[in-house]
Amino acid sequence: MSVTASAPHTDTPARLRAALGRLHRRLRPTASGTAAGLTPTRISLLNTINRLGPIRLSELAAEEGINPTMLSRIVADLAEGRLIERVGDPQDRRAALVTTTREGRRLVERMRRERTDVLSLALDGLAPSERRALERALPALERLAEELKGGRL
């Protein structure tokens with residue numbers, strides 16, 4: 001077996017994936033989301049609608065990777081909970097767009113604050129050198145997220 005120049009780093013993608021997965025799972029639940037009865041999928045959709053909306057259902061399905069039948073049910077539930085609303089598409093009267101309501105935007109903001117607070121507390125538990133290392137890594141992580149955007153790889 002030959003050793004390549006990249007051999008010492010072969011475990012980096014696996015370690016990074018595992019660490020990001022653990023972070024995601026630990027940040028996903030929020031008191032506000034749980035109190036609103038939202039599943040992780042509903043929270044993800046609400047966040048995406050808030051970030052990209054108004055958005056067509058077909059675009060939302062593609063963005064979230066959810067089949068249209070499941071998406072329709074979740075959108076109906078979020079609309080019933082008054083977190084999102086359907087609005088007419090000014091470009092195509094046959095199509096509808098979904099957007100967050102004031103209540104939906106408030107919930108998204110509360111969940112963001114909760115997650116930020118949890119991360120702030122966790123960062124406080126790290127050594128100053130570890131916090132600086134994370135700060136230095138942020139630009140690379142942001143570029144990595146862009147590389148993965150849209151399933152290009």
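This report describes how two helices pack in a predicted model and which salt bridges its side chains form.

**Helices α3 and α5**

Two packed helices are described by the angle between their axes and the distance between the axes. In this model, helix α3, which covers residues 40–52, packs with helix α5, which covers residues 68–80, at an angle of about 75 degrees, and their axes are 11 Å apart. Because angles from 65 to 115 degrees count as roughly perpendicular, α3 and α5 are roughly perpendicular to each other. On the side of α3, the residues that take part are T41, R42, L45 and L46, and in α5 they meet L71, I74, D77 and L78. Sorted by class, the contact of α3 with α5 has five nonpolar residues, one polar residue and two charged residues.

**Salt bridges**

Side chains of opposite charge can pair when their charged atoms come close. A search of the whole structure finds seven salt bridges, and the table gives three pairs, including one that links the two helices described above.

| Pair | N to O distance |
|---|---|
| D77 and R42 | 2.4 Å |
| D92 and R56 | 3.8 Å |
| D92 and R94 | 3.1 Å |

The salt bridge between D77 and R42 links distant parts of the chain, with D77 in helix α5 and R42 in helix α3, 35 residues apart. Both of these residues also appear in the list of those through which α3 and α5 meet. D77 has a relative accessibility of 37% and therefore counts as partly exposed.

How far apart in sequence are the parts that the pair of D92 and R56 ties together? D92 lies in strand β3, residues 92–100, and R56 lies in strand β1, residues 55–56, so this salt bridge ties together parts that are 36 residues apart in sequence. With a relative accessibility of 18%, D92 counts as buried, because buried means under 20%. Its partner R56, in turn, is partly exposed, with a relative accessible area of 26%.

D92 also forms a salt bridge with R94, the closest N and O atoms being 3.1 Å apart. R94 counts as exposed, at 77% relative accessibility. Salt bridges that share partners join R56, D89, D92 and R94 into one network, and within it the buried D92 pairs both with the partly exposed R56 and with the exposed R94.

Note on methods: Residues numbered from 1 in each chain as written. Predicted model: local features only at pLDDT ≥ 70, side-chain atom pairs only at ≥ 80, totals over all residues. Heavy atoms only, no water. Axes fitted to C-alpha atoms, helices over the stretch in contact; angles between N-to-C directions. Helix = DSSP H or I, 4+ residues; strand = E, 2+ residues; numbered from the N terminus. Parallel < 35°, antiparallel > 145°, perpendicular 65-115°, else oblique. Contact = heavy atoms within 4.5 Å. Nonpolar A, V, L, I, M, F, W, Y, C, P; charged D, E, K, R; others polar. Salt bridge = Lys/Arg side-chain N within 4 Å of Asp/Glu carboxyl O. Buried < 20%, exposed > 50% of the residue type's maximum accessible area, 1.4 Å probe, protein only.
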